[in-house]
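Student: I have a model open in front of me, and I would like to learn how to read its features one at a time. Could you take me through it?

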Amino acid sequence: MTFFFIFPIFHTLRLSFLDPNTGVFTFNNYFAFFSKDIFYDSFFRTLKLSFFVISFSVILAFPLAYFICFVVKKKFRTLALLILVAPFWTSFTIRAFSWQLILSDKGLVTWFINKVTGYEIKLNFLYTMNASIFGLTLFGVMLITLLLFNSMITIDKRLLEANSDLGGNKFTEIKNIILPLSLPGLIIGSVLTFIIAVGDYAVPTLLGGGFKPVLAQLMLSTIKGTFDLNTAATMAILLVIIIIIACIPLLSLIKQVRLEK
Amino acid sequence: MKSFSLLNNFLYVLFTIIVSLIYLPILVMIVFSFNSSKYQIMPFRNFTTSWYQRVLTDSQYIEGLTNSLIVSISVSFFATLLAFFCAYSLVNSNFKGKSFLNIFFLTPLVVPLILIGISLRFYLTSRGYEPSLFLVAIGQSIFVMPLAILNLSNRMSQIPKNLEEAAWSLGSSRLRSMFEIILPSCKFSLIATFILTFTFAFDEFIIAYFLTNFSITLPIKIWTSLVTGFDPAINAIGTIVFLTSLTLGLISQILFLKK
């Protein structure tokens, strides 16, 4: 593990500080990165994309997990959860590609609307950032719902009864009981979704298109195209930094759990 | 009471919408895998199974499939084996830095696959290793190990500790008690972990993309056909892979529940 996981990351860190031509230690790679518009833009595009993906995933996943945990009858609970997460076992790439067929300007949606209403419309949706957000959000919803469900199912039902006995309503139930008690699942799910969104390559390429690349796309084209390893390493390290920042809530969560023990 | 059922109805609708959105692309893929038209646009032409025949006779797909099978089976084998020992020592012994090691083993989970792939490539090529399927197997093992360790240590922590202590006091060695007590009680979890890591490794694309040059795996083949002009045979592969991994996934879930 150390050899194949830690060493490579440090090697990349070292590469990112080396001058591509002379091999001298330098910060120039980082300055160069932020001075070029295409890199700079893609950096913030990546952050924006992940931010939207998390927000939408959480907004959708919370009611879903609530639904499976508290509304669906006990008999069907596992089934409902299974239905939602079974596509985890399908190729992510192929699913993203299928969306291409559905959403493209000659795809199923426009065909269907044309058949029903007779109008020719253009969706202008595929190959935009919105399409990437859409594709990754569907994935995030699955992941966060699963983790939220795991937290929610452990909530003591007597707490909910106490809430309604004391005159509370649905709103106070969610705000005072369910939300605080399922927070760990929510945080873990969001962090994992963020990490996947920030580093994903397939969805931004297939749905977002190549004209407005995210970091992962740039990294790959830098390596396979220009063989500029140092620049690619710089991008990789920037990605690591983003992720370390994203993991801070996770660490505070671990600390909290320890204190409670 | 009225607002209550209104909320429930809303949740039902939301659930249905999300589920159909998740399954729509899969459905489209399966339907189009039987479409005789070479282009992926409506209307649907004739029913055909020729794409399936294409896949099963095309040497490139066959090569990708064999490579993928070799890599993922060795990955899941070694990852499950290693994870078994890691989980055993994490669950059954107390040593300094145990909690640190616990977190350390899980760190690959929070590292995007592209970073694992890219940094391994940098590191190993600088050490003089050429990109190959062997490197792919190493990279993918790093990525599936945390899952395997989580699964196995979960199961192991449920085995009563005194079973093993009884064996020791009856004179059994540590190794023997491990093989005769822990191993049999983890049987189903081990198989389930094997299947789980297999499906993850089989589907994995980006690590493999960075770590091999000429011998390609199936996901890489799929990817290149997707990007360089479309080949309808992909729908057929997708359908096959989907159904196989779904079956395997369900089996592993059932095994987990069985313990």
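Student: Where should I begin, and what pattern does chain A follow along the sequence?

Tutor: Begin with the order of elements: read along the sequence, chain A follows the pattern α-α-α-α-α-α-α-α-α-α-α-α-α, which amounts to 13 helices and zero strands. Helices here are DSSP runs of H or I with at least four residues, strands are runs of E with at least two, and both are numbered from the N terminus. Chain B, for its part, has twelve helices and zero strands.

Student: What should I keep in mind about the numbering and the kind of model?

Tutor: This is a predicted model, in which local features need pLDDT of at least 70 and side-chain atom pairs count only at pLDDT 80 or more, while totals for chains, interfaces and linings use all residues. Residues are numbered from 1 along each chain as its sequence is written, chains are lettered from A and ligands numbered from 1 in the order in which they are written, and side-chain values use heavy atoms, with hydrogens and water left out.

Student: How much of chain A and of chain B counts as buried?

Tutor: A residue is called buried under 20% relative accessible area, exposed over 50%, and partly exposed in between, with a 1.4 Å probe and protein chains only. Buried residues make up 52% of the 261 residues in chain A, and 51% of the 259 residues of chain B. As for the surface, by the Shrake-Rupley method with a 1.4 Å probe, where for residues only the protein chains shown count as cover, chain A has about 13000 Å² accessible, 68% of it belonging to carbon and sulfur atoms, and chain B has about 12500 Å², with 70% belonging to those atoms.

Student: Which residues does A:Met152 touch?

Tutor: Contact means heavy atoms within 4.5 Å. A:Met152 is found in helix α7 (residues 129-152) of chain A, and, not counting residues up to four places away in sequence, it touches A:Phe62, A:Ala65, A:Tyr66, A:Cys69, A:Phe70, A:Ile178 and A:Ser182. The residue counts as buried because its relative accessible area is 0%.

Student: And how far apart in space are B:Ile149 and B:Ala87, which are 62 residues apart along the chain?

Tutor: Their C-alpha atoms are separated by 5.5 Å. B:Ile149 lies in helix α6 of chain B and is buried, with a relative accessible area of 3%; leaving aside neighbours within four places in sequence, B:Ile149 is in contact with B:Ala83, B:Cys86, B:Ala87, B:Leu90 and B:Phe105. Over chain B, residues 24 or more positions apart account for 72% of the contacts with a separation of 6 or more.

Student: How should I read the contact between the two chains?

Tutor: The size of an interface is often given as the accessible area lost when the parts come together. Summed over both parts and taken with a 1.4 Å probe, the area buried between chain B and chain A is about 6100 Å², of which carbon and sulfur atoms give 85%. B:Phe15, B:Phe122 and B:Tyr123 supply 11% of the area that chain B buries against chain A, more than any other three residues. The contact takes 63 residues from chain B and 66 residues from chain A.

Student: How many salt bridges does the rule find across this interface?

Tutor: A salt bridge needs a side-chain nitrogen of Lys or Arg within 4 Å of a carboxyl oxygen of Asp or Glu, and across the interface of chain B and chain A the rule finds zero. The structure holds one salt bridge over all chains: the side chains of B:Asp58 and B:Arg54 meet at 3.6 Å, N to O, and B:Arg54 is partly exposed, with a relative accessible area of 30%.

Student: Which residues of chain A does B:Ile26 touch?

Tutor: B:Ile26, found in helix α1 of chain B, touches A:Pro87, A:Thr90 and A:Arg95, along with B:Phe242 in its own chain, not counting residues up to four places away in sequence. B:Ile26 counts as buried because its relative accessible area is 4%.

How values were computed. Buried area = accessible area lost by both parts, 1.4 Å probe.
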